[in-house]
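Let's walk through a protein together, starting with one residue and then stepping back to see the whole chain. Keep the picture open as you read.

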Amino acid sequence: MNENEIVQALWSSDELSEFDDSDADPDFALDSDTDDDIIPSNNSHENYDASTLSSSGWGPINSNASSPVFNSESFGINPDILETLNDGTPYDLFSLFIDDEVLNLLVIETNRYARDLLSTPRGPKSRLNKWVDVDTVEIKRFLGIVMWMRLNPLPTLASYWSKNEMYQTHIPKYMTRNRFELLLRTFHCSNNQICPRGDRLYKVRGLVDMLVSKYKVCNIPGENLCIDESVIPFVGRLSFRQYIKN
């Protein structure tokens, strides 16, 4: 098939995507749900004149566009960090990013969400009745347990607190199972009460922005970069997930 035949086949196809979006966020709405900004196909790219491209936001390439000037001596890992962490431990490197600012954010929002849950009806035997506000020391311990679970996978969550010799770990010395599951339920990094309508990333946006700012301080990219993309298998409820067959 030549180019025109391929384009014609794509535009005339009546097949629907196999992507199931039935669990999409019902509160999300784009500014415009129409296809007015899509340029209709005439089976040839040569039929797009300059006025059509300009009206749709596209235009000819500007060959005079300036390129940023890179200083070959100012990129790479921040020299101050290299000097500070010369004899540092992996935990010191971890603390560069998950510092007190990040931990305080997690503590504030986790406690806020727990109070929101406490204001809702619950049974007399609910674990929430025993809720105690978390602090930075405990949230740090919680994150450490989560990371350790990823390094030492067991069949079930309860296995980490099992007395069976096959599954015994040191986790019970640092946190009870009930407390861990309670923190797992209330763990939050944003205020649900001010969530803007349609922002699907609001739940993590504050944390992500905070981490990105720290990454920028630690490392200055050079002129030549290789950007790769990773795809993580996921079957949960996420309205903007990408469906990849098989």
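Where is threonine 169 found? Look at the loop between helix H6 (136-151) and helix H7 (177-186): threonine 169 is in there. Before going on, keep in mind that what you're looking at is a predicted model.

Now, is threonine 169 buried or exposed? Its relative accessibility is 18%, and a residue counts as buried when that value is under 20%. So threonine 169 counts as buried, even if only the number tells you so.

Next, check out the company this residue keeps. Leaving aside residues up to four places away in sequence, threonine 169 touches Asn152, Leu154 and Tyr160. With tyrosine 160 you can be more specific: a polar atom of the threonine 169 side chain lies 3.0 Å from the backbone oxygen of tyrosine 160. The side chain of threonine 169 also reaches the backbone nitrogen of isoleucine 171, this time at 3.3 Å.

Time to zoom out. Overall, the protein has eight helices and two strands. If you follow the chain from start to end, you'll meet them in the pattern α-α-β-α-α-α-α-α-α-β.

How much of the protein counts as buried? The figure is 22% of its 246 residues. As for the surface, the protein exposes about 19,400 Å², and 55% of that comes from carbon and sulfur atoms.

One last thing to look for is how the chain meets itself. Take the contacts with a separation of 6 or more: 68% of them are between residues 24 or more positions apart.

Terms used: Residues numbered from 1 in each chain as written. Predicted model: local features only at pLDDT ≥ 70, side-chain atom pairs only at ≥ 80, totals over all residues. Heavy atoms only, no water. Helix = DSSP H or I, 4+ residues; strand = E, 2+ residues; numbered from the N terminus. Buried < 20%, exposed > 50% of the residue type's maximum accessible area, 1.4 Å probe, protein only. Contact = heavy atoms within 4.5 Å. Areas by Shrake-Rupley, 256 points an atom, 1.4 Å probe, with all protein chains shown as cover. Polar contact = N/O pair within 3.5 Å; in protein donor to acceptor, adjacent residues only side chain to side chain.
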